[in-house]
Amino acid sequence: MLITCRCYSDFQQFLRERLPSLALSEPERLLSFSTPLARVWLLNLDPAIPLLLSRYSASGRPALFDPVDLLRSLVLMTSLKIPGVSQWVSMLKHDKVLAILSGFEPHKTPGVGTFYDFFHRCWLEDRTKIRNRRRKLRPFMAKPKDKLKSGQKLAPKHP
């Protein structure tokens, strides 16, 4: 279940509230992220909100993280050329600047499973096809009946 998605103006307000304290405590660190900051500031993900809302159920447990923030975080990850989600999650947990640029509170960042769940939700293949593929019967593979004695070789499987 999804409560709401944060719109572009709310995200800009979020940055306006948190960046001045970072500028006072870590000015060099913030300056090193000036290009990603500009990209995130100009990235309007409002057109993606209806698409993301359709991928979440109307009932059940509420989502802990906003899908727009997850998408923004993935865009930031690719722009910084980070190769994997687990490395990105580790960077988010240890770096306040990256967490805030992604739209998360520094002490409350998503885990690896949250990102993979987001990938699974955004995958556009029909869910029944995915389910049927997982349930498909596998061919029976018989185990060898006789044990070999020392010095013997296995018979070729495909003569």
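## Buried and exposed residues in a predicted model

A residue is called buried when its relative accessible area is under 20%, exposed when that area is over 50%, and partly exposed in between. Asp 95, at a relative accessible area of 9%, is therefore buried, and the same cut-offs are used for the other residues described below. The structure is a predicted model, and its protein chain has a mean pLDDT of 87, with 97% of the residues reaching 70 or more.

Confidence in the protein chain is lowest in helix H9, residues 127–135, where the mean is 81, and highest in H6, where the mean is 94. As a general caution, predicted coordinates should not be read in detail where pLDDT is low.

## The nonpolar core

The largest nonpolar core holds 32 residues, and within that core Leu 15, Trp 88 and Phe 115 have the most contacts. Two or more core residues come from each of helix H1 (8–25), helix H4 (49–53), helix H5 (67–79), helix H6 (85–94), helix H7 (96–102) and helix H8 (112–122).

Trp 88 gives a view of the surroundings of one such core residue: once neighbours within four places in sequence are left aside, Trp 88 is in contact with Ser 73, Leu 76, Met 77, Leu 80, Ile 82, Leu 98, Ser 102 and Phe 115. Among these contacts is Phe 115, which is itself named with Leu 15 and Trp 88 for having the most contacts inside the core.

## Helix H5 and its partners

Helix H5 has 13 residues, which at 1.5 Å a residue should span 18 Å, and its end C-alpha atoms are 18 Å apart, in agreement with that expectation. Its buried residues are Pro 67, Val 68, Asp 69, Leu 70, Arg 72, Ser 73, Leu 74, Leu 76 and Met 77. These buried residues pack against H1, helix H3 (34–42), H4, H6, H7 and H8, and just after H5, Lys 81 takes a positive phi of about 60°.

The list of buried residues in H5 includes the charged pair Asp 69 and Arg 72. Asp 69 counts as buried because its relative accessibility is 3%, and Arg 72 is likewise buried, with a relative accessible area of 1%. Beyond its neighbours within four places in sequence, Arg 72 is in contact with Phe 11, Val 40, Leu 45, Leu 101 and Ser 102.

## Salt bridges

How many salt bridges does a search of the whole structure find? The search finds six. One of them joins Asp 69 and Arg 72, whose closest N and O atoms are 2.6 Å apart; because these residues lie three apart in helix H5, they are separated by about one helical turn. Arg 6, Asp 69 and Arg 72 are linked in a network of salt bridges. A further salt bridge, between Arg 18 and Glu 17, has its closest N and O atoms 3.0 Å apart, and here Glu 17 is partly exposed, with a relative accessible area of 48%.

Arg 29 forms a salt bridge with Asp 95, the closest N and O atoms being 2.2 Å apart. Arg 29 lies in helix H2 (residues 27–32) and Asp 95 in the loop between H6 and H7, so this pair ties together parts that are 66 residues apart in sequence. The two partners fall on either side of the cut-off for burial, because Arg 29 is partly exposed at 33% relative accessibility, whereas Asp 95 is buried at 9%. With neighbours within four places in sequence left aside, Asp 95 is in contact with Arg 29 and Phe 33.

## A partly exposed residue in H8

Thr 114 lies in helix H8. Is Thr 114 buried or partly exposed? Its relative accessible area is 27%, and Thr 114 is therefore partly exposed.

When residues up to four places away in sequence are not counted, Thr 114 touches Phe 65 and Leu 70, and Leu 70 is one of the buried residues of H5. The C-alpha atoms of Thr 114 and Val 89 are separated by 9.9 Å, although these two residues are 25 residues apart along the chain.

Conventions
Residues are numbered from 1 along each chain as its sequence is written. This is a predicted model: local features need pLDDT of at least 70, side-chain atom pairs count only at pLDDT 80 or more; totals for chains, interfaces and linings use all residues. Side-chain values use heavy atoms; hydrogens and water are left out. A nonpolar core is a set of buried Ala, Val, Leu, Ile, Met, Phe, Trp, Tyr and Cys residues joined through side-chain atoms within 4.5 Å. Buried means under 20% relative accessible area, exposed over 50%, partly exposed in between (1.4 Å probe, protein chains only). Helices (H or I, at least four residues) and strands (E, at least two) are DSSP runs, numbered from the N terminus. Contact means heavy atoms within 4.5 Å. The expected span of a helix is 1.5 Å times one less than its number of residues. A salt bridge is a side-chain nitrogen of Lys or Arg within 4 Å of a carboxyl oxygen of Asp or Glu. pLDDT is the predictor's confidence in each residue, from 0 to 100.
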